[in-house]
Amino acid sequence: MSTTMPFAAGTTLLADVTSLVRTAGRTLLDRRTPHARGVSLDEIVDEIHANDDAVLDVLREPLLRTRPGSRWAEDELAGGALPPGEWWVVDPAEGNINHVHAMEDWAVTATLVRDNQPVLTVVHLPLTGETYTAVAGGGARLDGRPLKVSAKTDLGATLTGTGQARPGEDMRTFRRIGESVTAMLASGLVVRVSVPATMQLIHVAAGRMDAFWQFSDVRSGLVAGALLVSEAGGTVTDLAGEPWSTAGRDFLAAAPGVHTAALEVLSPIA
């Protein structure tokens, strides 16, 4: 993914989007419970949908008004290329399954995608109050402080991660995940397998983790982190080593010093 073309409207728009996403985060925070919600699958799904609906009620229309002519990507679990133009790719409760189960890894994300490349993103973590932002050509930040990816050059010293993108992935994807974890355990130091993707990608952007990969194209979990990592100096490609866009079928974001080595491990599995 390239950020060589700066997003000219980014500075003003970023302030507006950040305010809206933080407001939406308060809605999600208010819905948090100290115990898991739902026992049956139907009950869990209902709780997930209720979280989404509550956040979208306060976020969708105001967000669309910030960028006249922009459109909304309706299905947060969809993948693949979007039609030309500007689209809001939003996850109202990224890590919704964690929120419903009274766990901590969840956030609200909003990303503006132009012609299948993310150009502006806000990721807000209501529990900590942290806000990660990035604008194409303008760098990545955590609460205004610049982010920089890891300086590691030895794959054997890396903390890497992956996870499933959606419930009910096909068996081929499950096998790839398992094979890739085994391969990276043999090549790296530690592998995390968790959801959601964004919560691992913010760690890559901040230099806490060294790489993240995914055998899926669910765009809502990738666009925010892709922009954050690339603007923090990381390398973002598909598993063939080509520049990543929303049209990509798989994904690798890594510190530049270990990207090639990680690709050598993962590309035969992809």
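Colleague: Before we look at D91, what counts as a strand here, and how are strands numbered?

Modeller: A strand is a DSSP run of E that is at least two residues long, and the numbering of strands starts from the N terminus. With that in mind, and remembering that this is a predicted model, we can place D91 in strand β2, which covers residues 86–94.

Colleague: Is D91 buried or exposed?

Modeller: D91 counts as buried, because its relative accessibility is 4% and the cut-off for buried is under 20%.

Colleague: And which residues is D91 in contact with, leaving aside its neighbours within four places in sequence?

Modeller: With those neighbours set aside, D91 is in contact with E76, A107, V108, T109 and S220. There is also a polar atom of the D91 side chain that lies 3.1 Å from the backbone nitrogen of E94.

Colleague: What does the UniProt annotation say about D91?

Modeller: According to the UniProt record, which is an unreviewed entry, D91 is covered by the annotation "binding site".

Colleague: Changing topic to the open sheet of 5 strands, what order do they come in?

Modeller: The order is β9-β8-β10-β12-β11, and the pairing within this open sheet is mixed. Since β9 and β11 (235–237) each have a single partner strand, they stand at the edges, and so one side of each is left without a neighbour in the sheet. On average, and with direction ignored, neighbouring strands of this sheet are turned by 15° against each other.

Colleague: You said mixed, so which strands run parallel?

Modeller: Strand β8 (residues 159–162) and strand β9 (residues 190–193) run parallel and are joined by 4 bridges, with T162 standing opposite V193 in β9. To get from β8 to β9 the chain passes through helix α4 (residues 171–187), and this β-α-β crossover is right-handed. β8 also pairs in the parallel sense with strand β10 (residues 211–214), over 2 bridges, and there T160 has A211 as its bridge partner.

Colleague: Where is the antiparallel pairing, then?

Modeller: β10 pairs in the antiparallel sense with strand β12 (residues 251–254) over 4 bridges, and W213 has L252 in β12 as its bridge partner.

Colleague: Which strands does α4 touch when it packs on the sheet?

Modeller: α4 touches β8, β9 and β10, and the direction of α4 makes about 155° with that of β9.

Colleague: What about helix α6, which strands does it lie across?

Modeller: Helix α6, made of residues 223–231, lies across β11 and β12, and it runs at about 140° to β11.

Methods: Residues are numbered from 1 along each chain as its sequence is written. This is a predicted model: local features need pLDDT of at least 70, side-chain atom pairs count only at pLDDT 80 or more; totals for chains, interfaces and linings use all residues. Side-chain values use heavy atoms; hydrogens and water are left out. Two strands pair if DSSP finds at least two bridges between them. A crossover is right-handed if, with the strands pointing away from the viewer, the path from the first strand over the helix to the second runs clockwise. UniProt positions are given in the numbering used here, feature names are shortened, and annotations may be inferred rather than shown by experiment. Buried means under 20% relative accessible area, exposed over 50%, partly exposed in between (1.4 Å probe, protein chains only). Contact means heavy atoms within 4.5 Å. A polar contact is a pair of N or O atoms within 3.5 Å; within protein, one must be able to donate a hydrogen and the other to accept it, and residues adjacent in sequence count only if both atoms are side-chain atoms. Axes are lines fitted to C-alpha atoms, for helices over the stretch in contact, and angles run from 0 to 180 degrees between N-to-C directions.
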